[in-house]
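Me: I've got this model open and I'm a bit lost in it. Could you take one part, the central sheet, and walk me through it slowly, along with what packs around it?

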Amino acid sequence: MRQVLGLFNNLGNRAAAHALAVSVFALFAATAFAEDNEFGLKLTEAARENRLRLDFDGKTFSGPALDQLLAAARDAQFLLIGEEHGIAENPKLAAQLFTTLVADGYEKLAIEVSPPMAAILDAAVREHGIEGLRNLYASPGGEPAFFGMLEEAALIATARSELPDVTEVLWGVDYEVASDRPLLRQLRDMQRPPATDEPLDALIAASESAWAQYEETGSPQYIFSFAGDPALVEAVSDAWPAADGAALQILDTLQSTLEINRFWIQGRGWDSNARRAALFRLNFLRHWHAAKEKGSTPKVMVKLGGNHVVRGRNNTGTFDLGTLLPEIAALEGTSSASVLVLPGKGSLTAVLNPSSWSYDPKPAKDNYSGGIDVLTDAAYADAFTLIDLAALRSIVGSNIDRYGIEVARIVHGFDMLLVMSGSTASSELDHD
């Protein structure tokens, strides 16, 4: 390139030099595009050669892709399902997989709520199935994020019903963005020292005030998990030095939630995401160690947003469960299997409207499909498509400049990609 530029400088006719420069740069650009396009086409063709069809008749999934998912899960300690939230068909698939895999030792479902809220959901569906959730959600703050969607509610009810004699089926691994009120009600009703009365009353009053402002204005800034002061929780903890495990879990959840979201409000996005990823790992390890102490090594289905289960650094620059769980499996002498589930082109997803706490059918918002057309172009137009990403790794390699960082992240970060062409948005669970 330097030689070409030197030639331009030696030309006497500036107009001619400019015209030649434009032509040469255009030639280089066209050649680079043709090469990139050629590599992309080859990768798409390789994806087509390693795809399987997943059929769905509205109730039941079938086909070679289902067989592959089940085979991968049976050989694994953990089945990680990363998703674009709000696809109606994905929790239906997860429910069918879990039901089948119970016979192979699966007995835990890790979900994107806090540990104490997962325990509340678990108890609700254990006693009354999906009606238990409707009753729970009728109380202020009873509906956590995501599980107000009908299909997601049906998933946890199904998983719980498959294991009626297991004490705990749902593992919460996240913070708690919306359900501080039922957690605070539990704290209020516990046996606790009188010294906690004043700080706990102050914490409950702050939550109620924030939610009242939210109800009046519809402004998400008043959602308590974003508006609350972590010092209020700390004051309760300081007044309760001998708190038991259940109280400590609730206090830790509230404190962590407020700290994570305070970082976000302050414009410290990376700190917020890093703190949340650390909480995911810590919460999972608490569940895991508790199970191991009881002599159990359960198989676990993990269903979270794709960013939380990708292997390696995710698109927020942090390391989450997708990195931790394969290492735990390796230490156990087993393995993990992971699949990223995306809507097909033109599909709609249910997106949370934080002003009304309802779900609206909209295009996917998390952009997991961005920059990976060379993969999604391999999907069937008339069926769901499972692509074996492990078979593409030797092609993509470390060629980030050729395929882009998103393609490399997906191919190396997941074992399979499921594209749900023609998928629909989740609906809402009706409740008072």
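**The sheet and its surroundings**

Reply: Let's start with the contacts: in the protein chain, among contacts with a separation of 6 or more, 77% link residues 24 or more positions apart. Keep in mind that this is a predicted model. The chain has 432 residues, and 49% of them count as buried. It contains 18 helices and eleven strands, and its C-alpha atoms fill a box of roughly 90 × 50 × 40 Å along the principal axes.

Now for the sheet itself. It is an open one, built from nine strands with mixed pairing, and if you read across it the order is β2-β1-β10-β11-β7-β3-β6-β4-β5. The edges are held by β2 (61-62) and β5 (170-172), and each has a single partner strand, so one side of each is left without a neighbour in the sheet.

Let's zoom in on β6, which covers residues 299-305. Is β6 mostly covered or mostly open? It is mostly covered, with seven of its seven residues buried. On one side, β6 pairs with β3 in the parallel sense, over six bridges. On the other, β6 runs parallel to β4 (residues 106-111), and four bridges join the two.

You can follow this residue by residue. Find Met301 in β6: it is the bridge partner of Leu79, and it is also the bridge partner of Leu109. Then look at Val302 in β6, whose bridge partner is Ala110.

Next, see what lies over this part of the sheet. Helix α6 (residues 150-162) lies across β3 (78-83), β4, β5 and β6. Relative to β4, α6 runs at about 150°.

Now slide along to β11 (residues 416-420), where you'll find Met420. Why does Met420 count as buried? Its relative accessibility is 0%, and the cut-off for buried is under 20%. Leaving out residues up to four places away in sequence, Met420 touches a long list of others, including Phe61, Ile87, Glu89, Asn90, Leu93, Val341 and Phe384. Another useful landmark is Asp382: it sits 38 residues from Met420 in sequence, yet their C-alpha atoms are 9.6 Å apart.

Leu93 is a handy stepping stone here, as Met420 touches it and it also takes part in the contact between two helices, α3 and α4. How do you describe a pair like that? Two packed helices are described by the angle between their axes and the distance between the axes. For α3 (residues 64-74) and α4 (residues 89-101), the angle is about 50° and the axes are 11 Å apart. That angle makes α3 and α4 oblique to each other. The crossing of α3 past α4 is right-handed. From α3 come Leu66, Leu69, Leu70, Ala73 and Arg74, which meet Leu93, Gln96, Leu97, Thr100 and Leu101 of α4. Sorted by class, this contact of α3 with α4 has seven nonpolar residues, two polar and one charged.

For a contrast, try α8 (residues 197-217) and α10 (residues 230-238), which pack at about 155° with their axes 8 Å apart. So α8 is roughly antiparallel to α10. Here α8 passes α10 in a left-handed crossing. On the α8 side you'll see Pro199, Leu200, Leu203 and Ala206, and on the α10 side Leu232, Val233, Ala235 and Val236. The residues in this contact of α8 with α10 are eight nonpolar, no polar and no charged.

α8 also turns up as a packing partner of helix α7. In α7 (residues 180-189), the buried residues are Asp180, Arg181, Pro182, Leu183, Leu184 and Leu187. These buried residues of α7 pack against α5 (115-137), α8, α9 (224-227) and α11 (245-265).

One last stop is Leu285, in helix α12 (residues 269-293). With a relative accessible area of 25%, Leu285 is partly exposed. Beyond its neighbours within four places in sequence, Leu285 is in contact with Leu324 and Ile328. You can also look for Leu325: it is 40 residues from Leu285 along the chain, and their C-alpha atoms are separated by 9.6 Å.

If you want one picture to take back to the sheet, go to Met301 in β6, with Leu79 and Leu109 as its bridge partners.

How values were computed: Residues are numbered from 1 along each chain as its sequence is written. This is a predicted model: local features need pLDDT of at least 70, side-chain atom pairs count only at pLDDT 80 or more; totals for chains, interfaces and linings use all residues. Side-chain values use heavy atoms; hydrogens and water are left out. Two strands pair if DSSP finds at least two bridges between them. Contact means heavy atoms within 4.5 Å. Axes are lines fitted to C-alpha atoms, for helices over the stretch in contact, and angles run from 0 to 180 degrees between N-to-C directions. Angles under 35 degrees count as roughly parallel, over 145 as roughly antiparallel, 65 to 115 as roughly perpendicular and the rest as oblique. A crossing is left-handed if the near helix is turned anticlockwise from the far one by less than a right angle, and right-handed if clockwise. Ala, Val, Leu, Ile, Met, Phe, Trp, Tyr, Cys and Pro count as nonpolar, Asp, Glu, Lys and Arg as charged, and the others, Gly among them, as polar. Buried means under 20% relative accessible area, exposed over 50%, partly exposed in between (1.4 Å probe, protein chains only).
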